[in-house]
Amino acid sequence: MGVVYSAMHERLGRPVAIKVLRRELSENTELSGRFQLEAELVTKIGHPNIVAVYDFGRLGDGCLYYVMEMISGESLRSRLSRQMLSDAELVEVFAPLLSAMRAAH
């Protein structure tokens, strides 16, 4: 649906991720509305296992974007490509995920 860039926030002086929605999707009223709603709702949840959104808006070319905290680490897909998770690792990964889902819903 778009591209995520790594950047340094000028005012906050910390690394951030910038998610930019593709132009054709930004021009779609329904999809752009959902993208903006996602940014607003994530900000309101305020859960330690949900990425923080710092800002959102529209670029000069019409593409929607939002700026969020940078989370470093390995993706679950990458981790699973090496080896299945043990029972203890499953709990370590999914307990915070389920907590975040509870907060979101």
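## A walk through the predicted model

Let me begin with one residue: His 105 counts as exposed, because its relative accessibility is 82%, and the cut-off for exposed is over 50%. You will find His 105 in the segment after helix H4. Please keep in mind throughout that this is a predicted model. His 105 and Ile 45 are 60 residues apart along the chain, yet their C-alpha atoms are separated by 9.6 Å.

Now, a second histidine to set beside that one. His 47 is placed in the loop between H2 and E3. Is His 47 buried or exposed? His 47 counts as buried, because its relative accessibility is 15% and buried means under 20%. And what does His 47 touch, leaving aside its neighbours within four places in sequence? The contacts are Ser 99, Ala 100 and Ala 103.

Those three numbers take us into helix H4, which covers residues 87-104. Does its length make sense? H4 has 18 residues, so at 1.5 Å a residue it should span 26 Å, and the C-alpha atoms at its ends are 25 Å apart, which agrees. There is a bend in H4, though: about 25°, at Phe 94. A proline, Pro 96, follows within four residues of that bend.

Let's turn to the sheet. The sheet is open, with four strands in the order E1-E2-E4-E3 and antiparallel pairing. Which strands are at the edges? They are E1, residues 2-8, and E3, residues 53-58, each pairing on one side only. On average, neighbouring strands here are turned by 20° against each other, ignoring direction. As a general reminder, strands of a sheet pair through backbone hydrogen bonds, either parallel or antiparallel.

We can go across it pair by pair. E1 and E2 are antiparallel and share seven bridges. Within that pair, Ser 6 stands opposite Ala 17 of E2, and Val 4 has Lys 19 in E2 as its bridge partner. These two strands form a hairpin with six residues between them, and in its turn Gly 13 has a positive phi of about 65°.

Next come E2 and E4, antiparallel over five bridges. Here Ile 18 stands opposite Val 67 in E4. Then E3 and E4 pair, again in the antiparallel sense, over five bridges, with Val 53 bridging to Met 68 in E4. E3 and E4 also form a hairpin, this one with five residues between the strands, and Gly 62 there takes a positive phi near 95°.

E4 deserves a second look: five of its six residues are buried, so this strand is mostly covered. What lies across the sheet? Helix H2 lies across E2, E3 and E4, and runs at about 160° to E3.

That brings us to the interior. In soluble globular proteins, nonpolar side chains tend to be buried together. In this model, the largest nonpolar core has 13 residues, and the members touching the most others are Leu 21, Phe 35, Val 53, Tyr 66 and Met 68. Three elements give two or more residues to this core: strand E2 (15-21), helix H2 (29-45) and strand E4 (64-69). Which of the elements gives the largest share? The answer is H2, with four residues. Apart from this core lies another, of five residues, including Val 16, Val 20, Cys 63 and Val 67.

If you would like one core residue to click on, try Leu 21. Beyond its neighbours within four places in sequence, Leu 21 is in contact with Met 1, Gly 2, Ser 26, Phe 35, Cys 63 and Leu 64.

Next along the chain is Arg 22, in the loop between E2 and helix H1 (23-26). Arg 22 has a relative accessible area of 40%, so it is partly exposed. With neighbours within four places in sequence again left aside, Arg 22 is in contact with Met 1, Gly 2 and Cys 63. How far is Arg 22 from Leu 12 in space? From C-alpha to C-alpha the distance is 26 Å, for two residues 10 apart in sequence.

To close, let me go back to our two histidines: His 105 is exposed, whereas His 47 is buried. Thanks for listening, everyone!

Notes
Residues are numbered from 1 along each chain as its sequence is written. This is a predicted model: local features need pLDDT of at least 70, side-chain atom pairs count only at pLDDT 80 or more; totals for chains, interfaces and linings use all residues. Side-chain values use heavy atoms; hydrogens and water are left out. The expected span of a helix is 1.5 Å times one less than its number of residues. The bend at a residue is the angle between axes fitted to the seven residues ending there and the seven starting there. A nonpolar core is a set of buried Ala, Val, Leu, Ile, Met, Phe, Trp, Tyr and Cys residues joined through side-chain atoms within 4.5 Å. Buried means under 20% relative accessible area, exposed over 50%, partly exposed in between (1.4 Å probe, protein chains only). Contact means heavy atoms within 4.5 Å. Two strands pair if DSSP finds at least two bridges between them. Axes are lines fitted to C-alpha atoms, for helices over the stretch in contact, and angles run from 0 to 180 degrees between N-to-C directions.
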